[in-house]
Amino acid sequence: MMDLRGKWVNVNTSYRNMIKQNKIAFVGNTSFSIYKFRLGVMKSFVSNGYEVFAIAPFDEYSNLFKKEGINYIPIEIQTKSKNIFADLKIINNLSKIYRKNKIDFAFHYTIKPIIYGSFAARLNSIPTVAVTTGLGYTFKSEGFFNWFIIKLYKTALLKVKEVWFLNSHDKDKFIETKIVKESKTFILPSEGIDTEYYAPRKKNEDNKTFKFLLLSRLIKGKGVEEFIKAADKLKKKKNNVEFQILGKVESEESIISVPLKEVLKWHDKGVINYLGEYIDVRTYIANCDCVVLPTYYMEGVPRCLMEGMSMEKPIITTDNVGSNELIIDKVNGLKCKPKNVNSLAEKMELMLNTKFEDRVDMGKKGRQRILDFFDEQKIIQIYQIKTKQFLS
């Protein structure tokens with residue numbers, strides 16, 4: 001096609017340039033969590049012509065967004081701080097970012113981004129969705145702080161388009177405490193897993209040593225200490241077993257963290273093998289025999305279990321919120337009691353003594369469950385459809 005100046009132009013390119021490019025923001029309390037859990041969703045928006053922004057504190061994952069065509073903007077969020085005056089700065093800082101970049105829509109994840117991000121979006125008339133990825137420790141205690149957080153949630157979520165949850169337990173908790181009306185809630189079936197990326201691989205190493213792998217941030221609620229104690233019990237009975245821990249070190253000052261020096265002490269004793277932290281964990285999953293997460297944390301849907309299941313590994317986890325969305329006891333894994341070292345050790349010994357063929361069958365059933373209900377493509381489709389509705 002020829003324009004008025006007599007020059008040939010690409011019709012499709014010309015048409016796209018006439019259409020406003022919607023700008024969508026993903027706001028979280030770490031770059032790690034946004035990149036690790038939501039990259040596939042964000043890339044789908046880039047592919048569909050949106051300009052995408054990742055807004056989170058700077059960490060080792062922050063510089064990875066650019067190569068995916070995603071804009072990264074740093075923001076300071078003290079996740080463990082209870083200083084309300086410091087936190088109020090988040091509203092002002094996010095407001096400035098939203099105005100400067102002309103954001104059209106925002107997804108907010110975890111407590112502080114949800115609360116303060118929702119306030120900032122309201123000030124700028126930006127439609128938003130709050131995604132509650134798990135309750136963590138917020139609703140486990142009572143007192144003034146818990147009451148205050150609930151009040152903040154109620155006020156912040158008044159004008160959001162929807163509040164998304166990863167399981168019915170969390171949704172019911174928000175409705176029960178009158179934080180949000182049921183009509184504004186939606187259950188997202190996990191944050192999804194890329195089943196092609198986390199595809200089954202043959203174990204490269206010999207089968208003489210049975211390997212249990214704990215994939216987790218080093219926090220108490222994930223059952224790290226219980227895993228170490230259970231490993232110590234089994235090490236005294238079994239020689240052909242290795243207990244591996246792979247995960248991110250949290251702040252040493254936090255009371256919920258398992259100190260790295262404590263983990264390394266057990267590593268030096270030969271009870272566990274601490275592998276450190278890696279962006280790509282697939283090789284470690286492939287070379288283990290069972291993925292373990294003895295969590296008593298208020299999970300959404302544990303990502304590490306989905307990774308293990310997608311790669312056809314049998315699972316050991318607790319009878320706990322979030323884990324129950326994934327694991328059917330004695331079908332694709334085993335369940336132990338939360339915060340119970342003896343129960344965990346018993347289930348690990350049972351898995352250790354299970355026939356190879358039965359473990360393989362568990363793994364295959366686990367992957368099929370992921371394909372049926374938790375494949376990332378299903379989650380991406382939900383994000384795309386919902387966002388178009390909210391922007392129309």
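## The six-stranded sheet

In this predicted model, six strands line up as an open sheet, running β10-β9-β8-β11-β12-β13, with parallel pairing. The edge spots go to β10 (273–276) and β13 (333–336); each has a single partner strand, so one side of each is left without a neighbour in the sheet. On average, neighbouring strands here are turned by 25 degrees against each other, direction ignored.

Over at the β10 end, strand β9 (residues 241–246) pairs with β10 in the parallel sense, over three bridges. If you want a residue pair to click on, leucine 246 has glycine 276 in β10 as its bridge partner.

## A helix packed on that sheet

Helix α12 (residues 341–352) packs on the sheet and touches β8 (210–215), β9, β11 (290–293), β12 (315–318) and β13. The direction of α12 makes about 160 degrees with that of β13.

## Strand β5 and its neighbours

Now to β5 (residues 128–132), a mostly covered strand: five of its five residues are buried. In a regular strand, side chains alternate between the two faces of the sheet. Both faces of β5 are covered, with Thr128, Ala130 and Thr132 buried on one side and Val129 and Val131 buried on the other.

What does β5 pair with? Strand β4 (residues 105–109) runs parallel to β5 and is joined to it by four bridges, and histidine 108 stands opposite alanine 130 in β5. To get from β4 to β5, the chain passes through helix α4 (residues 111–123), making a right-handed β-α-β crossover.

Strand β6 (residues 162–165) pairs with β5 too, again in the parallel sense and over four bridges. Here valine 131 has tryptophan 164 in β6 as its bridge partner.

Definitions and conventions. Residues numbered from 1 in each chain as written. Predicted model: local features only at pLDDT ≥ 70, side-chain atom pairs only at ≥ 80, totals over all residues. Heavy atoms only, no water. Buried < 20%, exposed > 50% of the residue type's maximum accessible area, 1.4 Å probe, protein only. Helix = DSSP H or I, 4+ residues; strand = E, 2+ residues; numbered from the N terminus. Pairing = 2+ DSSP bridges. Right-handed = clockwise from strand over helix to strand, strands pointing away. Axes fitted to C-alpha atoms, helices over the stretch in contact; angles between N-to-C directions. Contact = heavy atoms within 4.5 Å.
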